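Student: I should like to learn how to read the contacts between protein and DNA in a model. Could we proceed one feature at a time?

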There are 2 protein chains.
Amino acid sequence: MSPPAVAPRPAGRLRAPGAPAATPPGRVVPLYRADERHPQAQVCRRCTIRSEALFGALDETALDRIHVHIAELMLAPGEPLSRRGDDAALYTVRAGVVRAERSTTRGDRRIVRLAGAGALIGQEALLGRRSDDEWVACTAAQLCRIPASLVRELLRSEPALGQALMQRWQSALDDTEAWLADLATGPARRRVVRLVQRLAGLGDGRHLWLPRRSEMGAMLDLTLETASRQISALRRDGVLTAVGPGGAEVSPAALAAALRAADDA
Amino acid sequence: MSPPAVAPRPAGRLRAPGAPAATPPGRVVPLYRADERHPQAQVCRRCTIRSEALFGALDETALDRIHVHIAELMLAPGEPLSRRGDDAALYTVRAGVVRAERSTTRGDRRIVRLAGAGALIGQEALLGRRSDDEWVACTAAQLCRIPASLVRELLRSEPALGQALMQRWQSALDDTEAWLADLATGPARRRVVRLVQRLAGLGDGRHLWLPRRSEMGAMLDLTLETASRQISALRRDGVLTAVGPGGAEVSPAALAAALRAADDA
DNA sequence: CGAGCCGTTGAGGGGATTCAAGCTCAGTGG
DNA sequence: CCACTGAGCTTGAATCCCCTCAACGGCTCG
């Protein structure tokens, strides 16, 4: 239970755990009153995806150290995550799918990663760095904006958080390398089948989000026409059945068969 | 030169730096005697690439906390870094080039990263994980084997090390994403030119290591024949001139021109 | 020396791109 | 209501790039 450093912290009274702060409405509680339970801790505690998210590494008492608001933001499909603002931050994806784009020297864009619910993005903010990639919402998405300063503070008292961060970094690295091996290798058929497999993993298993054809092209380094042809072929083969725009249903058995067929070619 | 490694660690009373240990053979010094300066600290202090390496984050006094031997190992070209052994470890590349291979579901291998002098590889050992990729020496290579347990211990007293580790993780991630955008995108010509550009960066600028054609294929997802044709074309265009087997000299001006030509196609 | 590996080059076929046309569908305004 | 429009998807035809198969030369090594 070490106090969160930095600010000259005035003492408040100790309060029984669980007892809500009796704050007169309109009264502003200064940020440095970290001894009072900040409402954000309550919000985070009730977060439905906390177990998978970064703060899943924090136990109940550690959550109480959160003393700033974590902004929640919604992104419309195609809307970029604006990283402007001098105050660096990390983001947790609460719902939807966002993509990392990176523009090649040629000028065109290449999608290098996808992040679904529970994923942590923008970790480089912790290091004061900016990475070259830009995050854009694929579907409607909901994110939590976690200030880098908050993470840095929690890091001092909570070693588990450091571990969790390293885990995330390694996962991101593994994902990207797997992306390279799976989605950037071999003929178009194989790439598209593998992409569908991944997208099925992002969804609930049967129903999945299908990117635009031009997006598929940017993920797989194919033209949108070839992507379209391959998706059409998968529909003919019974792997996919279209459900509305940008949605589809997948047949696991047919998908497995397609994976095998694409591999031992 | 550094002491071999692994072997039961000799010790003695505090002694002047540089003076050899006068140790009765067979006597084992317990690990918690960290107050004695271990010879490894001297070795690391004199390391010629320490400034770029992981322990560059440690100052002089922190180096003295190193109390185990760090094994130095040489790899012949083509030799894999054997990760067998229950004791996890990280590795710093001191000289040469090593590659990360990852086998696709199809069975063939894809090279997903290159590591040159100063690079840290195998960080996942810190997390008790094993990643899917295997490291193989491209050229003759010299590595330092750093036990994960040592890093974990140093981590407790040296916050700078945690920062350095995160930096490395982010760099690896950035590298891989850039690899994806640069070397796995566009026509064969562009990929090969970009690869040569990277290899020139690994070398001293003019003289560079040229991989085997099949290795190039595994890096760029091309057949070795197309790789060969592209390299031949670069020779014809004056970008490369062969120097021995697996070596070449690059003309920076011609390379820049080739990059431009490949991009605005 | 023959065996094997590596690199190079050629010829032919196949797969992806390019260019192009037509389609559905949503939004708009006459 | 319906033509108009534009964006996204699909499909066709022609071209081109890369792969496949193949042969050959240089080189090292048993």
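Tutor: Let us begin with one contact: an N or O atom in the side chain of A:Arg213 is 2.7 Å from a phosphate oxygen of DNA strand D. This is a polar contact, defined as a pair of N or O atoms within 3.5 Å; within protein, one must be able to donate a hydrogen and the other to accept it, and residues adjacent in sequence count only if both atoms are side-chain atoms. The model is predicted: local features need pLDDT of at least 70, side-chain atom pairs count only at pLDDT 80 or more, and totals for chains, interfaces and linings use all residues. Side-chain values use heavy atoms, without hydrogens and water, residues are numbered from 1 along each chain as its sequence is written, and chains are lettered from A and ligands numbered from 1 in the order in which they are written.

Student: Which atom of DNA strand D does B:Glu225 approach with a polar side-chain atom?

Tutor: For B:Glu225 the partner is a base nitrogen of DNA strand D, at 3.3 Å. A:Ser228, by contrast, places a polar side-chain atom 2.9 Å from a phosphate oxygen of that strand.

Student: Which residues come nearest to DNA strand D?

Tutor: A residue is near a strand if one of its heavy atoms lies within 4 Å of it. Around DNA strand D there are 16 residues, of which A:Arg213, A:Ser232, A:Arg235, B:Ala188 and B:Thr226 come nearest. On the DNA side, sugar or phosphate holds 62% of the strand D atoms within 4 Å of the protein, and bases hold the rest.

Student: Which helix gives the most to the surface near DNA strand D?

Tutor: Helices (H or I, at least four residues) are DSSP runs, numbered from the N terminus. Helix 7 of chain A gives the most, with 6 residues, and helix 7 of chain A and helix 7 of chain B each supply at least two.

Student: Which residues come nearest to DNA strand C?

Tutor: They are A:Ala188, A:Thr226, B:Arg213, B:Ser232 and B:Arg235, out of 16 around DNA strand C. Polar side-chain atoms lie 2.3 Å from a phosphate oxygen of strand C in A:Thr226 and 2.4 Å from one in B:Arg235. Helix 7 of chain B supplies the largest share of this surface, 6 residues.

Student: How do the residues near DNA strand C divide by class?

Tutor: Ala, Val, Leu, Ile, Met, Phe, Trp, Tyr, Cys and Pro count as nonpolar, Asp, Glu, Lys and Arg as charged, and the others, Gly among them, as polar. The surface near DNA strand C has 4 nonpolar, 4 polar and 8 charged residues.
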